[in-house]
Amino acid sequence: MIRFVASAVAAHSGLAKHLTKTTSISSCFSSPLLAAIPARSMCCAAPMVKERQLQIGANSVHFVEAGHGNRGVILLPGALGTAWTDFKPQIEGLPALLPHHRVIAWDPPGYGKSRPPEKEFTVDFYERDAAAAGELMQKLGLERYSIVGWSDGGITGLVLAANQPDRVEKLVVWGSNSYISDTEANIYEDIRDVRKWSARMREPMEQVYGVDHFPKLWSAWVDGLLRIYHERKGDICCGKLKHIKAPTLVVHGAKDPMIIPDHVPYLLNNINNTDLHVFPEGKHNIHLRYAKEFNSIVAKFIQG
């Protein structure tokens with residue numbers, strides 16, 4: 001889930017304990033609220049990439065497919081994200097590192113080219129997205145597969161790995177969480193009005209959804225998160241984590257201002273067989289800023 005934190009919080013003591021597995025972590029730094037929102041890139045045609053659609057429930061789901069292996073990995077984008085806005089470096093780079101995998105990146109139902117119908121942010125929208133992602137992989141003939149999920153997509157990945165544990169081989173998440181804190185619930189209202197965003201932050205999403213429609217969709221997303229906060233007391237998928245069987249890699253940007261530090265140790269302590277990799281200077285969009293290193297880490301974990 002995208003997190004907008006007005007000022008970063010000092011590293012949680014539990015997180016510091018786990019960080020000894022991989023690397024040291026420096027303190028987070030204060031950052032202006034909207035400057036923390038990662039800019040997204042737009043589509044640029046990559047070689048050997050197919051784009052097509054499959055009917056999943058009420059949606060004609062658009063997805064990008066790269067590589068020719070007999071194993072699968074699905075890339076799950078963040079809030080309102082699409083295959084190309086969120087995963088261009090992975091679509092172009094991972095197939096060479098994962099020669100035995102087909103890399104699938106989708107526009108979740110109601111996002112990007114997977115419209116109509118429009119997204120409905122019901123209290124169970126993560127569960128519905130997880131079910132749709134699992135059905136997509138089954139229809140592609142990929143009975144077992146790995147998941148790589150960023151932000152909102154990481155939450156979808158957690159739910160899918162918990163609900164279908166025997167189908168998921170490996171799980172990679174970053175910038176993700178399984179609950180909404182009181183502080184975060186207040187933050188959602190603060191960032192509801194996209195007119196306060198810089199043009200650089202708005203324009204990629206305006207290109208996908210239109211200048212008039214993007215604010216409405218973003219506000220609906222905020223409402224969906226607040227609905228989970230009020231109706232589920234902030235519990236997105238905490239109870240599901242214990243059902244995840246897949247070896248899980250939590251990747252973290254030590255200077256990510258969009259998630260409170262508590263989420264990282266919470267995932268590590270509640271999912272069996274987890275590991276952690278930290279980018280000491282990384283923020284929320286580490287897979288875009290450090291694409292080559294990120295791709296290498298993910299490929300090594302998936303093949304390991």
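What share of the contacts in the protein with a separation of 6 or more comes from residues 24 or more positions apart? Such residues account for 79% of those contacts, where contact means heavy atoms within 4.5 Å. This is a predicted model, in which local features need pLDDT of at least 70 and side-chain atom pairs count only at pLDDT 80 or more, while totals for chains, interfaces and linings use all residues. Residues are numbered from 1 along each chain as its sequence is written, and side-chain values use heavy atoms, with hydrogens and water left out.

The secondary structure comes to 10 helices and 8 strands; helices (H or I, at least four residues) and strands (E, at least two) are DSSP runs, numbered from the N terminus. Of the 304 residues in the protein, 59% are buried, a word that stands for under 20% relative accessible area, with exposed meaning over 50% and partly exposed lying in between (1.4 Å probe, protein chains only).

An open sheet of 8 strands, with mixed pairing, follows the order β1-β2-β4-β3-β5-β6-β7-β8, and two strands are said to pair if DSSP finds at least two bridges between them. Because β1 (49–56) and β8 stand at the edges with a single partner strand each, one side of each is left without a neighbour in the sheet. Within the sheet, β3 (residues 71–76) and β5 (residues 145–150) pair in the parallel sense over 5 bridges, and I74 has I147 in β5 as its bridge partner.

Strand β7 (residues 248–253) pairs with β8 (residues 274–279), also in the parallel sense, over 6 bridges, and V250 stands opposite L276 in β8. From β7 the chain passes through helix α8 (residues 263–270) to β8, a β-α-β crossover that is right-handed; this term applies if, with the strands pointing away from the viewer, the path from the first strand over the helix to the second runs clockwise.

The largest nonpolar core has 63 residues, and I74 and L80 are among those with the most contacts inside it, as are W218 and W221. Such a core is a set of buried Ala, Val, Leu, Ile, Met, Phe, Trp, Tyr and Cys residues joined through side-chain atoms within 4.5 Å. Helix α7 (residues 213–231) supplies the largest share of this core, 9 residues, and apart from it lies another core, of 26 residues, including V64, F87, V103 and V172.

Some loop residues have backbone features of their own. L80, in the loop between β3 and α2 (83–97), has a phi near 65°, a positive value in a residue other than glycine, and L80 is buried, with a relative accessible area of 0%. S151, in the loop between β5 and α4 (152–163), likewise has a positive phi, of about 60°, although it is not a glycine. In the loop between β4 (101–106) and α3 (125–139) lies P116, and the peptide bond from R115 to P116 is cis, with omega near -5°; a cis peptide bond also joins P116 and P117, with omega about 0°.

Two further residues may be set side by side. H62, in strand β2 (residues 59–66), is buried, with a relative accessible area of 6%, whereas E293, in helix α10 (residues 291–303), is partly exposed at 40%. Leaving aside residues up to four places away in sequence, E293 touches H277 and F279.
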